[in-house]
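Thank you all for making time this morning. I would like to walk you through one structure, going strand by strand and then side chain by side chain, and I will try to keep to what the coordinates show.

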Amino acid sequence: MRINDKVTIENSKEIRVRTMNEFASKPVETKQDEMLKRMIDWWGNWVPDYEGWLKIADDLYAPDAIINAIGGEQKYSVYRLSMKDQRDKCDMEMGPIQQAIVDEDTVALVYEMYLMPKQAGGQVTFKMMVTEFNHFEMVDGKLMVTRLDLYTDGGNMGK
């Protein structure tokens with residue numbers, strides 16, 4: 001999967017939703033199809049506010065999932081709290097999935113993430129390239145992410 005549009009923070013949501021709607025008509029015949037569909041739907045339904053994010057995240061990540069992001073490896077319950085802290089400090093927007101690859105039990109994604117520190121009053125946007133690996137397993141009869149490994153280029157946040 002590749003996005004051909006020029007991606008901006010302003011059109012990110014539109015492209016995510018359009019991709020989700022286009023993908024909805026594709027047949028789901030294999031476990032890998034289902035995993036990819038779960039990620040495409042997650043992306044199309046992604047919301048920037050914390051409470052909205054929790055609703056969709058709790059449906060994607062297994063309760064005991066290991067998340068390797070935002071400061072290292074942690075349980076999903078701790079990651080939820082770190083996301084609250086991040087949302088308290090920054091507004092956030094996700095770009096559309098630029099690449100998605102499915103291999104066995106893993107969906108790899110590449111996308112841009114935009115962080116706007118609240119103390120900067122909307123004057124600064126850090127754009128970072130993200131690569132993540134979502135490892136799926138059946139949990140209580142549902143395919144869920146049991147491990148997320150997320151890597152970024154840092155978006156020049158230290159400068």
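How many of the residues of strand β5, which covers residues 106–117, are buried? Twelve of its twelve residues are buried, and the strand is mostly covered. Please keep in mind throughout that this is a predicted model.

If we take the two faces of β5 in turn, Thr106, Ala108, Val110, Glu112, Tyr114 and Met116 are buried on one side, while Val107, Leu109, Tyr111, Met113, Leu115 and Pro117 are buried on the other.

Let me turn to the partners of this strand. Strand β3, residues 90–94, runs antiparallel to β5 and is joined to it by five bridges, and within that pairing Glu93 has Tyr114 as its bridge partner. Strand β4, residues 99–103, is likewise antiparallel to β5, with five bridges between them, and here Ile101 stands opposite Ala108. Two residues lie between the strands in the hairpin of β4 and β5, where Glu104 takes a positive phi near 50°. Strand β6, residues 126–139, pairs with β5 in the antiparallel sense over ten bridges, and one place to look in that pairing is Leu115, whose bridge partner in β6 is Phe126.

Next comes the largest pocket, which has a volume of about 290 Å³. Its lining has 22 residues, and those closest to the centre of the pocket are Ile70, Tyr79, Gln86, Met113 and Leu150. The elements that give two or more residues to this lining are α2 (31–45), α4 (76–89), β3, β5, β6 and β7 (142–152). Which element gives the most to the lining? That is α4, with four residues. By class, the lining of the largest pocket is made up of 17 nonpolar, three polar and two charged residues.

Helix α3, residues 50–60, is the next element on my list, and its buried residues are Tyr50, Gly52, Trp53, Leu54, Ile56, Ala57 and Leu60. When we read such a list, it helps to recall that an α-helix has 3.6 residues a turn, so residues three or four places apart point the same way. The cover over the buried residues of α3 includes α2, β1 (61–68), α4, β6 and β7. At the N-terminal end of α3, Asp49 acts as a cap, with a side-chain oxygen 3.4 Å from the backbone nitrogen of Glu51.

I will finish with two acidic side chains. Is Glu73, in strand β2 (residues 73–75), buried or exposed? Glu73 counts as exposed because its relative accessibility is 56%, and the cut-off for that class is over 50%. Apart from neighbours within four places in sequence, Glu73 is in contact with Ile66, Ile67, Asn68 and Arg147. Its side chain and that of Arg147 are joined by a polar contact of 2.9 Å, although Glu73 and Arg147 are 74 residues apart along the chain, and their C-alpha atoms are separated by 9.7 Å.

Asp149, by contrast, which is found in strand β7, is buried because its relative accessible area is 8%, where buried means under 20%. The side chain of Asp149 makes a polar contact of 3.2 Å with the side chain of Asn68. With neighbours within four places in sequence left aside, Asp149 is in contact with Asn68, Thr131, Glu132, Phe133 and His135.

Conventions. Residues numbered from 1 in each chain as written. Predicted model: local features only at pLDDT ≥ 70, side-chain atom pairs only at ≥ 80, totals over all residues. Heavy atoms only, no water. Buried < 20%, exposed > 50% of the residue type's maximum accessible area, 1.4 Å probe, protein only. Pairing = 2+ DSSP bridges. 1 Å grid on protein atoms, 1.4 Å probe; cavity = no way out; pocket = protein on both sides within 12 Å on 5 of 7 lines; lining within 4 Å. Points joined across faces, edges and corners; volume = space filled by probe spheres on them. Nonpolar A, V, L, I, M, F, W, Y, C, P; charged D, E, K, R; others polar. Contact = heavy atoms within 4.5 Å. Polar contact = N/O pair within 3.5 Å; in protein donor to acceptor, adjacent residues only side chain to side chain.
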